[in-house]
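Dear colleague,

I am passing on a structure that you have not yet worked with, and my notes on what turned up in it follow directly below. Please read them with the sequence and the model open beside you.

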Amino acid sequence: MKHFAPSIAIDRLPDPVFAELAQRIGSVKAAGHDVITLGQGTPDQTTPVHILDALRQAIDDASNLQYPPFRGHDFLKQAVANFYESEFGVSIDPATEVAILLGSKAGIVALPQTIVNPGEGVIVPDPGYPDYLSGAALAGAYPITLPLLAENSFLPDYNLLDSLDVERARMLFLNYPSNPTGATATAEAFEQTVAFADAHDICVVHDLAYGGISFDGPTRSFLQTEGAKNVGIELFSLSKRFNMSGFRIAFAIGNPSVIASIETYQEHLYVSAFTPIQHAATVALSSDQTCVRELSALYETRRDALFGALNEIGWVGPVPGGSFFVWLPVPSGFTSQSFTDHLLDEAHVAVTPGHFFGTYGEGYVRISLIADVDRLVEAVKRIGTLQLFQTAVAE
Ligand SMILES: Cc1ncc(COP(=O)(O)O)c(C=O)c1O
């Protein structure tokens, strides 16, 4: 059999570390252990009934089963604009400032190719969602690390970037509420981002994958920042907000020149999302958002229960303000990987090692709030029996 070597672009893609971890968890389960899996990023709750009803209804109309328009349906783009107005007070032109994406992952991986040329730079947060690097790799772009440090509450400090790198940069990815750190953005951080991007002609891509899951006030949209539309776009996903991860639907919203490039790119690659899914997304955005507030409250209850249990075993870390992730330092003597292995082998608790999210993730693990309170507390109790943390001594 002939062997066709992968292209340079495929070779540049980062290793599939998450798949390897899933395999290892699978083999511990296959050995008969009750593994508490807190490593994944897939919501455990179901899509709200009114959204499912809209999907079913749309499927029953035969005209919805044909090719959708190349750039998606205008009614959905209008719903996105109405939603941004009512939720964030941001005015959007549905005709020129919204592109429909087949999930924000598709947008992230495609975006560098739409704006950045080979050899130009893409600034990626570290720790950050790994697909930003995949997007840069496919574009032949040069990845520039933006360290997100605990002492800065995991918010960007652009002074940490090398000035030559900044001159090379064409795109900047950011993500708040953050995967993996759980940090939420401040108005000041977004203002500094606009000023930095404006000064250096960098296109900001703010990934709002966890919009609506915020515990310290409403989620902030990057587009609420003055001048944001001038320098970039926001990716808004329905996957986590409405438990619609399997639907594959999200939006790019903002700067019309960037939206136009995405639309052109997508016209060559896809014929937009299945029309019944576009109807379901329209209903999700246009309906009362109580289901989102309830979902956020559920994650908050889990977060509080987890931190109550962590406190009892002496494991201290930053309390997340949003997303469904908790970012915790590993005890001394461990690396992210050795601690992850230790927890899986000795406590049968699966977490994600921090270095999967970049060099600055080393020394941390990520725990997902994707299990009910009993399982979260049970996981921490099991970890507590390993006696790895110092508990406060009563006076
Ligand atoms: C930060 C971040 N961005 C984007 C995505 C992809 O979301 P979508 O389902 O919209 O492709 C995820 C999924 O876990 C994520 O954590």
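In this predicted model, an oxygen atom of the ligand lies 2.6 Å from an N or O atom in the side chain of Tyr-210. Taken alone, the ligand would expose 400 Å², and the protein buries 92% of that area. Two further residues approach oxygen atoms of the ligand: Asn-179 does so with a polar side-chain atom, at 2.8 Å, while Lys-105 does so with a backbone N or O atom, also at 2.8 Å.

There are 15 residues around the ligand, and those that come nearest are Asp-207, Tyr-210, Ser-239, Lys-240 and Arg-248. By character, this shell divides into five nonpolar, six polar and four charged residues. Its largest share, three residues, is supplied by helix H5, which runs over residues 104-115.

Turning to the chain as a whole, the domain assignment gives a domain 1 made of two stretches, 8-46 and 291-384, and a domain 2 that covers 49-286. The centres of domain 1 and domain 2, taken over C-alpha atoms, are separated by 25 Å, and where the domains meet, 34 residues of domain 1 are in contact with 36 residues of domain 2. Between them the two domains bury about 2800 Å², of which 64% is on carbon and sulfur atoms.

One residue that you may like to locate is Ala-305, which lies in helix H12 (residues 290-313). Apart from its neighbours within four places in sequence, Ala-305 is in contact with Val-373 and Val-377. Leu-148, by contrast, is 157 residues from Ala-305 in sequence and 27 Å from it in space, C-alpha to C-alpha.

Finally, some points of backbone geometry deserve a look, given that most residues other than glycine have a negative phi, and most peptide bonds are trans. The peptide bond from Asp-126 to Pro-127 is cis, with omega near 5°, and Pro-127 sits in the loop between strand E3 (121-126) and helix H6 (131-138). A cis peptide bond is also found from Tyr-176 to Pro-177, with omega near -5°; here the proline belongs to the loop between strand E5 (169-174) and helix H8 (187-200). Phe-154, although it is not a glycine, has a positive phi of about 60°, and Phe-154 is placed in the loop that runs between strand E4 (142-147) and helix H7 (163-168).

With kind regards

Note on methods:
Residues numbered from 1 in each chain as written. Predicted model: local features only at pLDDT ≥ 70, side-chain atom pairs only at ≥ 80, totals over all residues. Heavy atoms only, no water. Near = heavy atom within 4 Å. Polar contact = N/O pair within 3.5 Å; in protein donor to acceptor, adjacent residues only side chain to side chain. Areas by Shrake-Rupley, 256 points an atom, 1.4 Å probe, with all protein chains shown as cover. Helix = DSSP H or I, 4+ residues; strand = E, 2+ residues; numbered from the N terminus. Nonpolar A, V, L, I, M, F, W, Y, C, P; charged D, E, K, R; others polar. Domains from an automatic or database assignment. Contact = heavy atoms within 4.5 Å. Buried area = accessible area lost by both parts, 1.4 Å probe.
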